[in-house]
Amino acid sequence: MVTRRSFLQWTAAAAVGGPLLALGGRSMASAATRLPITVVNNTGLYPNSAIWMYIVGTNSATGQQSYVRADGTLVAVSPSLNGPDGYADLSIPLASSGNSGISLPNMSGRIYFSINQKLKFRVVTDGNGRSALQYPAGWVSSDPSYSVLHDCMEFTFADSGMYCNTTMVDMFSIPMAINLVGSRNQTTGTLKAGGRDAIFAGVSALPAFKPLVLGNNLRVIAPGHGIEAGLFSSTYYDQYVTDVWNTYTGTDLRVKINTTTHTGRVSGGQLRFSGGVAPFNKPTTKDIFYCNGALGAPNDGLTGPVAAQLGAAFNRSTLRTHPDQPVTDPSAYYQETISNHYSRVIHQNTVDGKAYGFPFDDVGDFASYIQDNAPTGMTLTLTPFGSGGTTPPTSGLLSGGRPAAASTTENTTTAASNAFDGNTGTRWSSAFADPQWLSVDLGSARSVNRVRLNWEAAYATAYSIQTSANNSTWSTVYSTTTGHGGIEDLTFATTSARYVRVLGTARATAYGYSLWEFEVYGT
Ligand SMILES: [Ca+2]
C-alpha cells in the first residue's frame with residue numbers, strides 16, 4: 001500500500017528510495033535523472049508576474065535538505081541563505097508570459113506556489129547540527145507566511161520513478177492539477193468547475209467546520225490543525241468513538257488485509273484483534289484526523305495496515321455501521337453527522353472524486369496520487385480560481401464613501417475621495433514623486449481581510465497595504481515590489497483596523513500614483 005507516510009520520510013533526511021522501491025511489484029524501468037516540468041497558469045485571475053514557485057525537500061543522494069534554483073540546480077540549504085529579514089528567498093519566478101519550464105533533479109519534497117507575495121522560508125540548524133528548512137504553516141497564525149496565498153504538492157522523484165500527489169492533508173487553497181506522462185498519461189487534482197468556491201462554501205455550511213475557512217477564502221485548514229489553532233472542537237468525534245466502542249463490545253469487527261481477516265472485539269477498553277495485531281486504545285478526535293496516537297500505524301506489515309484501515313474508516317465514518325472493513329464503495333463514505341466533512345467536501349469537488357483529505361486517504365485508492373516508473377514529463381497546472389476574486393465581493397465593502405486623505409493630489413479634479421466614490425470614471429492621482437499614500441477612515445475598528453485596487457495607467461510597481469488603529473502607527477499587511485497594475489485583488493489574514501492605506505514606493509511611469517478605486521473589505 002502506498003501511504004502518505006512514504007512522502008513524509010523526506011522530512012527525516014532519509015533516502016526515500018527504499019520504501020518506494022518495494023511498492024506494487026511493478027517493473028523498475030530506469031527513470032531519467034531529470035524530469036522536465038511545465039507550469040501552466042490557468043488561474044484566470046493572477047498574471048505570471050504575481051506567482052512564484054518553490055521546489056524544496058531532500059537530496060535523495062546526500063540526505064541534505066535542499067532547494068532547486070531556477071536553472072534546475074539542486075542546492076543544499078544553509079543559514080547563509082537567510083537574508084537581512086531572517087528569511088530565505090527560495091522563489092522561482094514564472095516566465096514573463098505563457099508556460100514556464102524547469103528541470104527537476106532526483107529528490108523528494110514539495111513544490112509550493114505563492115501568489116501576490118513570496119513565502120518566507122527560514123534555514124535553521126537542527127539538533128544534529130544539520131541545516132534544515134522551516135516550511136510555511138498556513139494553520140499557525142504566527143507563521144511568517146500565514147497571510148500569503150499559497151499551497152503545495154508533494155513528490156518523490158527517484159531512479160524508480162515519479163510519485164506525486166496534490167495534498168490537502170494540511171490545508172487547501174490553490175487549485176492545482178498534476179499531469180504525469182511516461183509509461184502512462186495520468187492527471188489528478190483537477191477540481192470541478194467552480195470547485196474552489198464550492199469547497200469553501202461546503203465547509204462553511206457546517207457550523208463546526210466553518211471556522212476552518214481562514215480570511216476571505218484565503219484557505220481552509222484541515223480539522224486536526226483546527227484543533228491546534230483553537231478553531232475546532234477537540235471532542236468532535238468522541239460520541240462516534242464511544243458508539244464504535246459500544247458496538248464492537250457485543251459484536252465482531254472484521255478487517256481484511258490482503259487475504260487475512262483480523263477479527264476484533266472491544267474488551268477491557270481496548271479494541272483487540274486476532275492474528276497478533278497490537279490492541280488499540282480509544283482514539284481522540286485529534287488521533288482520528290491525524291491518523292496517529294492511538295491510531296498510529298507502525299511500519300510492521302501487521303498492526304500498521306489495520307491501523308490505516310481504522311483511521312480511514314473513522315474519517316469516512318463507516319466504522320460504526322460496517323463491521324466488514326474495508327468499505328470500498330465511496331457512496332458509503334462520510335454519511336454520518338459526525339464525519340471528516342472537510343475531506344468529504346474536497347472529494348465531492350474533484351473530477352475524479354480523489355483527494356488527500358487525511359493521511360490515510362490512500363486506503364482504497366481514493367487519494368489524488370499518481371506514479372509512473374518511466375516518467376518523461378510533468379505538467380503542473382494552477383487551475384481556475386472560479387468566481388472568487390474576479391469580481392468585487394457583493395458584500396463587506398467598508399470603505400465606500402468614507403473620509404479619505406492622501407499625501408498629495410495632482411490637482412483639484414483628482415481628490416483622494418475620488419477613489420472611494422464607487423465610480424470607476426473618477427480617480428485619485430498624486431504628485432509625480434515617491435513615496436505617496438492614500439488612506440481611508442473606516443470610522444471605527446473593523447475586521448479587514450481584503451483590499452481591491454483598481455489602478456489607472458499610472459500604477460505602483462512597489463507598494464504596501466498598511467493598517468492602523470490611530471492614523472499614525474501603521475502595520476504592513478501586504479507588500480510587493482512586482483505590482484502589475486490593473487485590478488489587484490489582495491487577500492490577507494483578518495486584522496483589526498480603523499484606517500487602511502496604500503503606500504506607494506516605486507512608480508511604474510513618470511507620472512504619480514493613480515487609482516480609480518481603492519476598496520477595503522471585511523466585517
Ligand atoms: Ca472613483
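The exercises below work through a predicted model of one protein chain, from its overall dimensions to individual strand and helix pairs.

**Exercise 1. Overall form**

Establish how many helices and strands the protein chain has, and decide how its radius of gyration stands against the globule rule.

Solution. Begin with the secondary structure: the protein chain holds eight helices and 29 strands. Next take the radius of gyration, which is 25 Å, close to the 24 Å that the globule rule gives for 523 residues, so the chain is as compact as a globular protein of that length. The box filled by the C-alpha atoms, taken along the principal axes, is roughly 85 × 50 × 45 Å. Turning to burial, buried residues make up 50% of the 523 residues. Finally, of the contacts between residues at least 6 apart in sequence, 68% join residues at least 24 apart.

**Exercise 2. A mixed sheet and the helices that pack on it**

Determine the strand order of the open sheet that contains S17 and S18, name its edge strands, and find which helices touch the sheet.

Solution. The sheet is open and consists of four strands in the order S19-S18-S17-S20, with mixed pairing. Its edges are strand S19 (270–273) and strand S20 (324–325), each of which pairs on one side only. Helix H5 (residues 238–250) packs on this sheet, where it touches S17, S18 and S19, and its direction makes about 105° with that of S18. Helix H7 (residues 303–315) lies across S17, S18, S19 and S20, and runs at about 120° to S17. Within the sheet, strand S17 (residues 253–257) and strand S18 (residues 260–267) run antiparallel and are joined by five bridges; in this pairing, Leu253 has Gly264 in S18 as its bridge partner.

**Exercise 3. One residue of helix H5**

Is Gln239, a residue of helix H5, buried or exposed?

Solution. Count the other C-beta atoms within 10 Å of Gln239, which gives 11. The cut-off for an exposed residue is 12 or fewer, and therefore Gln239 is exposed. As a further step, compare its position with that of Val148, which is 91 residues away along the chain: the two C-alpha atoms are separated by 37 Å.

**Exercise 4. A helix pair**

Describe how helices H3 and H8 pack, giving the angle, the axis distance, the relative direction and the handedness of the crossing.

Solution. Two packed helices are described by the angle between their axes and the distance between the axes. For helix H3 (residues 195–204) and helix H8 (residues 341–348), the angle is about 150° and the axes are 9 Å apart. Angles over 145 degrees count as roughly antiparallel, and H3 and H8 are therefore roughly antiparallel to each other. Their crossing is right-handed. At the level of residues, Ile199, Gly202 and Val203 in H3 meet Tyr342, Val345, Ile346 and Gln348 in H8.

**Exercise 5. A three-strand sheet**

Explain why one side of S12 and one side of S15 have no neighbour in their sheet.

Solution. The open sheet has three strands in the order S12-S16-S15, and the pairing is antiparallel. Strand S12 (171–172) and strand S15 (213–214) stand at the edges with a single partner strand each, so one side of each is left without a neighbour in the sheet. Two bridges connect S12 with strand S16 (residues 219–221), in the antiparallel sense, and Phe172 has Val220 in S16 as its bridge partner.

**Exercise 6. Following residues across paired strands**

Trace the pairing of strand S7 through Gly109, and that of strand S25 through Val440.

Solution. Strand S7 (residues 107–115) is mostly covered, since eight of its nine residues are buried. Strand S2 (residues 51–58) runs antiparallel to S7 and is joined to it by eight bridges, with Gly57 opposite Gly109. S7 also pairs in the antiparallel sense with strand S10 (residues 149–158), over nine bridges, and there Gly109 has Phe155 as its bridge partner.

For strand S25 (residues 436–455), take the pairing with strand S23 (residues 404–406), which is antiparallel over three bridges and places Ala404 with Val440 as its bridge partner. S25 pairs in the antiparallel sense with strand S28 (residues 487–507) over 14 bridges, and Val440 stands opposite Val500 there. A further antiparallel pairing of S25, with strand S29 (residues 514–522), extends over seven bridges, and in it Trp455 stands opposite Leu515.

Terms used
Residues numbered from 1 in each chain as written. Predicted model: local features only at pLDDT ≥ 70, side-chain atom pairs only at ≥ 80, totals over all residues. Rg over C-alpha atoms; globule rule 2.2 N^0.38 Å. Buried ≥ 20, exposed ≤ 12 C-beta atoms within 10 Å, placed from the backbone. Contact = placed C-beta atoms within 7 Å. Pairing = 2+ DSSP bridges. Axes fitted to C-alpha atoms, helices over the stretch in contact; angles between N-to-C directions. Parallel < 35°, antiparallel > 145°, perpendicular 65-115°, else oblique. Left-handed = near helix turned anticlockwise from the far one by under 90°.
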